Amino acid sequence: MFRETRNTFVTTVLLWSLVVTPVLAQTLFATIGDYGDGSTNEANVAGLVTSWGSEFIITLGDNRYGGNVFDTTVGRDYCIYLNGAGNGSFCSGGNSPSNAFFPSLGNHDYTDGAGLNEYLDYFTLPGTGVITSGTSGSERYYDFIKGSVHFFVIDSQGALTSTSDKTAQMNWLQAQLAVSTTPWQIVYFHHAPYSSSGARGSNPAMQWPFASWGADAVISGHDHTYERIFADGIVYFVNGLGGHGTYGFITPVSGSQVRYNGDYGAMRVDASNTGITFEFINLSGSIIDTY
């Protein structure tokens, strides 16, 4: 601020300096995968991530299995994060002032129950009160920003079953990563590009050039394990221990750093403008991996 005062004898100039302290956009969120069976294991994982004080939840697909409805597999345990969700006996609409639950589609979300339409009817994505580019024109794949992180949600099941859909999603993702200005860019979806599990394993069709497009990390599920892998200069995570069974491992893929299938759990991610920390924590509260 500049102020000048005058009289007939003296001129005084007062200069004030404003010191601006940057505010770090601190964000704490949880990542769950392959969880939606309505089981005690699922409920225990939900209790774990809620105990962290997670600001929001992202999921890696298979949000429900079999005949379970989303009110049971999502609304029962995550109503405090939902806004604009479908009604049910456990949760009607949701108890969050803005949406804080961001799922991705898995193969069981397509094939079980009433399939894709039931998923789209239940969720409103990315939801009210959420910062998004709104460029996808779809609720199957979309983007949103929370704090210092720009998230890009891909529908890998759609991409794997339709060449035109895959092309559309790839073009959209490449373009949006190119113009993203947040400190961190995270891409997540269901089918793991790289995995050492003997049940599913790596999915070459999802090995897109994420790093060259600008992604900092890729998180997937489908295999009911936890794994951290380095490929193409960035980190990939497999996180499918949300409660619906566990899978074994075979020969580790190139770049595999950590593998775990000893218990269910979830990822706790703490991000700021200057750093991001990924942890996998099991139901006993043990930190299995920190990156």
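## A tour around helix α2

Start by selecting residues 70-78, helix α2: seven of its nine residues are buried, so the helix is largely enclosed by the rest of the structure. Keep in mind as you click around that this is a predicted model.

Next, show the side chains within that selection. The buried residues of α2 are Phe70, Asp71, Thr73, Val74, Gly75, Asp77 and Tyr78. Buried here means under 20% relative accessible area.

What do those buried residues pack against? Colour these elements to find out: the strands β3 (27-32), β4 (56-59) and β5 (101-102), plus the helices α1 (40-51), α3 (107-111) and α4 (116-122).

Now hide everything but α1 and α2. Their axes lie 10 Å apart and the two helices pack at an angle of about 35°, with α1 passing α2 in a right-handed crossing. For the contact itself, pick Glu42, Ala43, Val45, Ala46 and Val49 on the α1 side; on the α2 side, pick Thr72, Thr73, Val74, Arg76, Asp77 and Tyr78. By type, the residues of this contact split into six nonpolar, two polar and three charged.

Finally, bring the whole protein back and zoom out. You're looking at seven helices and 15 strands, with C-alpha atoms filling a box of roughly 90 × 45 × 45 Å along the principal axes. Of the 291 residues, 54% are buried. Switch on a surface and the accessible area comes to about 11900 Å², with 52% of it belonging to carbon and sulfur atoms. If you draw a contact map, take the contacts between residues at least 6 apart in sequence: 63% of them join residues at least 24 apart.

Definitions and conventions
Residues are numbered from 1 along each chain as its sequence is written. This is a predicted model: local features need pLDDT of at least 70, side-chain atom pairs count only at pLDDT 80 or more; totals for chains, interfaces and linings use all residues. Side-chain values use heavy atoms; hydrogens and water are left out. Buried means under 20% relative accessible area, exposed over 50%, partly exposed in between (1.4 Å probe, protein chains only). Helices (H or I, at least four residues) and strands (E, at least two) are DSSP runs, numbered from the N terminus. Contact means heavy atoms within 4.5 Å. Axes are lines fitted to C-alpha atoms, for helices over the stretch in contact, and angles run from 0 to 180 degrees between N-to-C directions. A crossing is left-handed if the near helix is turned anticlockwise from the far one by less than a right angle, and right-handed if clockwise. Ala, Val, Leu, Ile, Met, Phe, Trp, Tyr, Cys and Pro count as nonpolar, Asp, Glu, Lys and Arg as charged, and the others, Gly among them, as polar. Accessible areas come from the Shrake-Rupley method with a 1.4 Å probe; for residues, only the protein chains shown count as cover.
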